[in-house]
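Thanks for making the time, everyone. I would like to walk through one model this morning, going from its pocket to its core and then to the chain as a whole.

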Amino acid sequence: MPYRLGELTELQTLPLFIIGDGKHKGIGGVSELKRLNNLRGGLWIKNLEMVDGTAESKEANLKEKHYLQSLRLDWGSWIFGNSAENGELVMEGLQPNLNLKKLNIEGYPGVRFPSWFSSMLTSLQCLDLQRLPAMEYMLENSSSMELLFASLKALKLDRLLNFKGWCRSRREIVAGAGGEQAPQFPSLSELMIYRCDQLTTFQLLSSPCLSKLDIQNCRILESLQLPSLPCLEVLILKGVHQQIVWQIILVSSSLKSLYIARIYGLVSLLDDRLQHLTSLKSLKIERCDELVSLFHGIQRLSALEEIWIFGCKQLNILDKEDDDDDGLQFQGLRSLRQLVVTGIPELESLLKGLRHVTTLETLKVLRCCGFTTLPDWISTSTSLSYLQISDCRGFKLEDPSKIAHIQTVNIS
């Protein structure tokens, strides 16, 4: 940033502060922030890898910036000048004011968080941690842990490549054991965990307000310790093992949207374990290569409005039960309006059960090389207003009168 910027002591808005490398004349360092204590809103400090040690980082004087609501601390490179030791020293000097509501830490090379970090957690509403290659635990000990996250509403852990759990002093903290308490999140509404490559178990206790849970690409995550999640409405799971799917679903009674992709070991989805999901409106399944059965027990999902199935190559979408009972189980789908099927090689025709769905408005069949024909019952589906069949090499429309009643038809 320009040299002598720090003289603008009445400045209230500075969204981005880029630290210079000290080699270019007229470019100021982090000390330019020292007297800018009237800053409001958000501040993004970039290129913290250019700062050397605690003494220099303290020059930012973040603790005296009472009006800041959001702070982003960004180490732009994991390589240049970015040792774990120096990163920890720099972070120690960047203590924000306790009025801060949102903290984003990106690219921090340290193994540990600074001494001030736990005190910040009591008042933060949003914590966003991204690209932390070395950080193992969020806290060094578990004393009074149950009080730390009282105000937190949103938590994002993204590419914490060495993250192993909440607390270093004990790998798995069990409430009541040895006087230690597990973390509680009385206000948390949104939790995102992406690509935490070393995370094998994760504990989340007392989260009565959690409404969205998003876990992606945590390949060795095997166990979740969860309470009842009475408010969970949106669940996104991608690149995890199938037991994680069931551990969450079995404690969730209010799900409205379920998206799963690349679930390892998932052979069948709809069964008795889903019968309590009476509020589920959206079901999307993508690239679950081991999935072979889907629609058993689907009649229990009476609130379901849309089903999307993408690239599940082993899926036998014509379930035996669909043949045995003429698809009568589909009568339970009293709200289904949209069905999209993409990349299912074994699909030859539409399920018999769909003839019993009187609310279906949109039907799309895309890139299904085995799909050859439309069933006769399609002519009686009076609710259907949009039909799309694309990139299905073997498909032939032998009788156009079957679909003459459909308002919009796209066959290509």
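Before I quote a volume, let me say what the word pocket stands for here: on a 1 Å grid over the protein atoms alone, a pocket is an open set of points with protein on both sides within 12 Å along at least five of seven lines. Please also keep in mind that what you see is a predicted model.

With that in place, the largest pocket comes out at a volume of about 170 Å³. Its lining is made up of Glu-286, Arg-287, Phe-310, Gly-311, Lys-313, Thr-342, Gly-343, Pro-345 and Arg-367, and by class these residues divide into 4 charged, 3 polar and 2 nonpolar.

Turning to the interior, which residues have the most contacts inside the largest nonpolar core? They are Phe-202, Ile-248 and Leu-269, in a core of 121 residues. Helix H4, which covers residues 242-249, gives the most to this core, with 5 residues. As for Phe-202, once its neighbours within four places in sequence are left aside, its contacts include Leu-157, Phe-163, Trp-166, Leu-191 and Ile-193, and also the polar Ser-223 and Gln-225.

Finally, the chain as a whole: there are 412 residues, of which 49% count as buried, and the secondary structure consists of 5 helices and 20 strands. Among contacts with a separation of 6 or more, 61% are between residues 24 or more positions apart. The accessible surface is about 17,800 Å², and carbon and sulfur atoms account for 48% of that area.

Conventions
Residues are numbered from 1 along each chain as its sequence is written. This is a predicted model: local features need pLDDT of at least 70, side-chain atom pairs count only at pLDDT 80 or more; totals for chains, interfaces and linings use all residues. Side-chain values use heavy atoms; hydrogens and water are left out. Helices (H or I, at least four residues) and strands (E, at least two) are DSSP runs, numbered from the N terminus. Buried means under 20% relative accessible area, exposed over 50%, partly exposed in between (1.4 Å probe, protein chains only). Contact means heavy atoms within 4.5 Å. Accessible areas come from the Shrake-Rupley method with a 1.4 Å probe; for residues, only the protein chains shown count as cover. On a 1 Å grid over the protein atoms alone, a cavity is a set of points where a 1.4 Å probe fits but cannot get out, and a pocket is an open set with protein on both sides within 12 Å along at least five of seven lines; lining residues have an atom within 4 Å of a point. Grid points are joined across faces, edges and corners, and a volume is the space filled by probe spheres set on the points. A nonpolar core is a set of buried Ala, Val, Leu, Ile, Met, Phe, Trp, Tyr and Cys residues joined through side-chain atoms within 4.5 Å.
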